[in-house]
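Here is a short note on the model you sent, set out point by point. Please read it with the structure open.

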Amino acid sequence: MKLISNKIDENHLSEILLEIDKSNEIIICIAFLKLSGLNFLLDKLLNFKNKTTFFVGKDFYLTEPKALSKLYNLGFKVFITNQKGITYHPKIYYFKSELNIVTFIGSSNLTSGGLKTNIETSVKLNTEIDSNLDILL
């Protein structure tokens, strides 16, 4: 387990980029999606688009339609939450490889601020395949 914050030399973006290339499956559950954050990850994620799923909130009108369109047009699996009276607000980045699972759970949305400049904190968890975390997701 490791605590991640947005410091100059190590931030959510640098930690997430390290995990993408190792993954067989990627799940990103975020309340807010903006092109400013998506563009940081997109080059790497394009190599894994058939193995990547996004669950995105649309509450508070902060998710950018252009970012959703970009994901959809590039062929990513995208699910937009739509439950009346309930706010979708998770920030989970899940990376599964043949041997283990790395998950970031915290406050970082997929925005430029969330990945690099905001005061954000997440826990980076490493676990084995078939662990309780694997079964839950």
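1. Start with Phe-95 and Phe-104, both of which are buried. These two rings form an aromatic pair of the edge-to-face kind, with centres 6.0 Å apart and 90° between the planes. Please keep in mind throughout that this is a predicted model.

2. The structure holds three aromatic pairs. Another of them is made by Phe-55 and Phe-79, and this pair is stacked, at 5.2 Å centre to centre and 15° between the planes. It links distant parts of the chain: Phe-55 belongs to strand β3 (residues 52–56) and Phe-79 to strand β4, with the two positions 24 residues apart in sequence numbering.

3. Are the stacked rings buried, partly exposed or exposed? Phe-55 has a relative accessible area of 29%, so it is partly exposed. Phe-79 is at 45% relative accessibility and therefore also counts as partly exposed. The edge-to-face residues Phe-95 and Phe-104, by contrast, are buried.

4. Lys-91 deserves a look of its own. This lysine is found in strand β5, and its relative accessibility is 9%; because buried means under 20%, Lys-91 counts as buried. Which residues does Lys-91 contact, leaving aside its neighbours within four places in sequence? They are Cys-29, Ile-30 and Ala-31, together with Phe-104, Ile-105, Gly-106, Ser-107, Ser-108 and Asn-109. Phe-104 in that list is also a member of the edge-to-face pair with Phe-95. As a further distance, the C-alpha atoms of Lys-91 and Gly-114 are 9.8 Å apart in space, at a sequence separation of 23 residues.

5. Lys-84 offers a contrast. It lies in the loop between β4 (77–80) and β5 (91–96). With a relative accessible area of 82%, Lys-84 is exposed, because the cut-off for exposed is over 50%. From Lys-84 to Leu-38 the C-alpha distance is 26 Å, and the two residues are 46 apart in sequence.

6. Where is Tyr-61? It sits in the loop between β3 and α3 (65–73). Its relative accessibility is 78%, so Tyr-61 counts as exposed. Tyr-61 and Leu-17 are 44 residues apart in sequence and 27 Å apart in space, C-alpha to C-alpha.

7. On the overall layout, the chain has five helices and seven strands. Read from the N terminus, the order of elements is β-α-β-α-β-α-β-β-β-α-β-α.

8. On dimensions, the C-alpha trace spans about 35 × 30 × 30 Å along its principal axes. A compact globule of 137 residues would have a radius of gyration near 14 Å, and the chain has 14 Å, so the value agrees with that expectation.

9. How much of the chain is buried? Buried residues make up 42% of the 137 residues. Of the contacts with a separation of 6 or more, 71% are between residues 24 or more positions apart. The stacked pair of Phe-55 and Phe-79, 24 residues apart, links distant parts of the chain.

10. Last, the surface and the charges. The accessible surface comes to about 7700 Å², and 55% of it belongs to carbon and sulfur atoms. The chain carries 16 positive and 14 negative charges, and the mean positions of the two sets are 8 Å apart.

How values were computed
Residues numbered from 1 in each chain as written. Predicted model: local features only at pLDDT ≥ 70, side-chain atom pairs only at ≥ 80, totals over all residues. Heavy atoms only, no water. Helix = DSSP H or I, 4+ residues; strand = E, 2+ residues; numbered from the N terminus. Buried < 20%, exposed > 50% of the residue type's maximum accessible area, 1.4 Å probe, protein only. Rg over C-alpha atoms; globule rule 2.2 N^0.38 Å. Contact = heavy atoms within 4.5 Å. Areas by Shrake-Rupley, 256 points an atom, 1.4 Å probe, with all protein chains shown as cover. Lys, Arg positive; Asp, Glu negative; His and termini not counted. Charge placed at Lys NZ, Arg CZ, Asp CG, Glu CD. Phe/Tyr/Trp six-rings, centres within 6.5 Å; stacked < 30°, edge-to-face > 60°.
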